[in-house]
Amino acid sequence: MTVKIVYATRYGSSREISGWIAERLESEGFTVRLENAADAEGAEGYDLVLLGSGIYNHGFLKELEDYMEAHSDSLKGTKTALFGVAMKTEPIMHKGKSHGGIIMLEKYAQQLGDSVIGCEMLHGQMVFSAMNEKDRKGIEQFYKMIGMTETEAAERKKPRTLMSKVECWEFACGLIEKLNRTKVKA
Ligand SMILES: Cc1cc2nc3c(=O)[nH]c(=O)nc-3n(C[C@H](O)[C@H](O)[C@H](O)COP(=O)(O)O)c2cc1C
């Protein structure tokens, strides 16, 4: 079976995570192709297409949104799975309503309809010193907005990784199980 992973990344964590997912799928006998959304080709001819992106302000990067829009018909005609890479993967309650986490992926899943067999939020990483100026300013503003002290913000700006190969492999194994189940049904 053939799988394509189309990823969008600004600082490389989603590319690394895509590689870990690919490693596991390949070890289970799948042929996997990895493509950056910015120059990815169509989605035809694959048994499964994974679409994943770093999460920025509660959504995918534009390159992946554009890819999904441009290839909407072929994606709807194949099996797909979505993953977001973020620092906060669990939804939070605010004024009695859940926000963030996997809920952020709902709109993308709705776009793809029944083709979606899996949806997951995976942990990423932040290296403040490696960010572009716009992102550094954005993050600093965010820390101020949520009332962090300078000391707390300085601590938060230290490189932080929450990336987990175990988590990525579990996601890959869950997808394999689902694929096998749908094969048996068919
Ligand atoms: C400007 C900016 C906005 C971000 N917004 C979010 C967010 O809304 N939710 C979240 O959990 N993480 C957020 N993050 C953290 C990223 O999702 C995380 O660093 C991820 O690993 C980036 O993936 P990439 O390296 O593949 O681009 C943000 C990071 C930056 C720099």
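Which residue in β2 is the bridge partner of I5? In this predicted model, the partner turns out to be L34. That pair is a handy way into the fold, since β1 and β2 run side by side in the parallel sense, joined over six bridges.

β1 has company on its other flank too. It pairs with β3, again in the parallel sense and over six bridges, and here Y7 sits across from G52 of β3. β3 (residues 48-54) in turn pairs with β4 (residues 79-86), parallel once more, this time over seven bridges. Within that pairing, L50 faces A81 in β4. Put together, the strands form an open sheet of five, ordered β2-β1-β3-β4-β7 and paired in parallel. The edges belong to β2 (31-36) and β7 (116-123); each has a single partner strand, so one side of each lacks a neighbour in the sheet. On average, neighbouring strands are turned by 15° against each other, ignoring direction. As for what holds any such arrangement together, strands of a sheet pair through backbone hydrogen bonds.

Now for the helices. α1 (residues 13-27) lies across β1 (2-8), β2, β3, β4 and β7, and its direction makes an angle of about 170° with β1. Together, β1, α1 and β2 make up a β-α-β unit, and a right-handed one. Helix α2 (residues 62-70) lies across β1 and β3, running at about 135° to β1.

What about the inside? β1 is mostly covered, with six of its seven residues buried. The largest nonpolar core counts 40 residues, and those touching the most other members are I5, V6, I21, L48, V49, L50 and L64. Two or more residues of this core come from each of β1, α1, β3, α2, β4, α4 (106-112), β7 and α7 (165-185). This fits a familiar pattern: in soluble globular proteins, nonpolar side chains tend to be buried together. L50 makes a good example of the packing. Setting aside neighbours within four places in sequence, L50 is in contact with V3, I5, I21, A81 and F83. One of these contacts, A81, is also the residue that L50 stands opposite in β4.

At the level of the whole chain, the domain assignment splits things in two. Domain 1 takes in 2-124 + 162-185, while domain 2 covers 126-159. The centres of domain 1 and domain 2, taken over C-alpha atoms, are separated by 27 Å.

Two spots in the backbone deserve a second look. Most residues other than glycine have a negative phi. N57, though, has a positive phi, near 45°. This residue is found in the loop between β3 and α2. Is N57 buried or exposed? With 7 other C-beta atoms within 10 Å, N57 is exposed, given that a residue counts as exposed at 12 or fewer. K95 tells a similar story, with phi near 50°, a positive value in a residue other than glycine. Its place is the loop between β5 (92-94) and β6 (97-99). K95 is exposed as well, with 5 other C-beta atoms within 10 Å.

Terms used:
Residues are numbered from 1 along each chain as its sequence is written. This is a predicted model: local features need pLDDT of at least 70, side-chain atom pairs count only at pLDDT 80 or more; totals for chains, interfaces and linings use all residues. Two strands pair if DSSP finds at least two bridges between them. Helices (H or I, at least four residues) and strands (E, at least two) are DSSP runs, numbered from the N terminus. Axes are lines fitted to C-alpha atoms, for helices over the stretch in contact, and angles run from 0 to 180 degrees between N-to-C directions. Two residues are in contact if their C-beta atoms, placed from the backbone, lie within 7 Å. A nonpolar core is a set of buried Ala, Val, Leu, Ile, Met, Phe, Trp, Tyr and Cys residues joined through C-beta atoms within 7 Å. A residue is buried if 20 or more other C-beta atoms lie within 10 Å of its own, exposed if 12 or fewer, and partly exposed in between; C-beta atoms are placed from the backbone. A crossover is right-handed if, with the strands pointing away from the viewer, the path from the first strand over the helix to the second runs clockwise. Domain bounds come from an automatic or database domain assignment.
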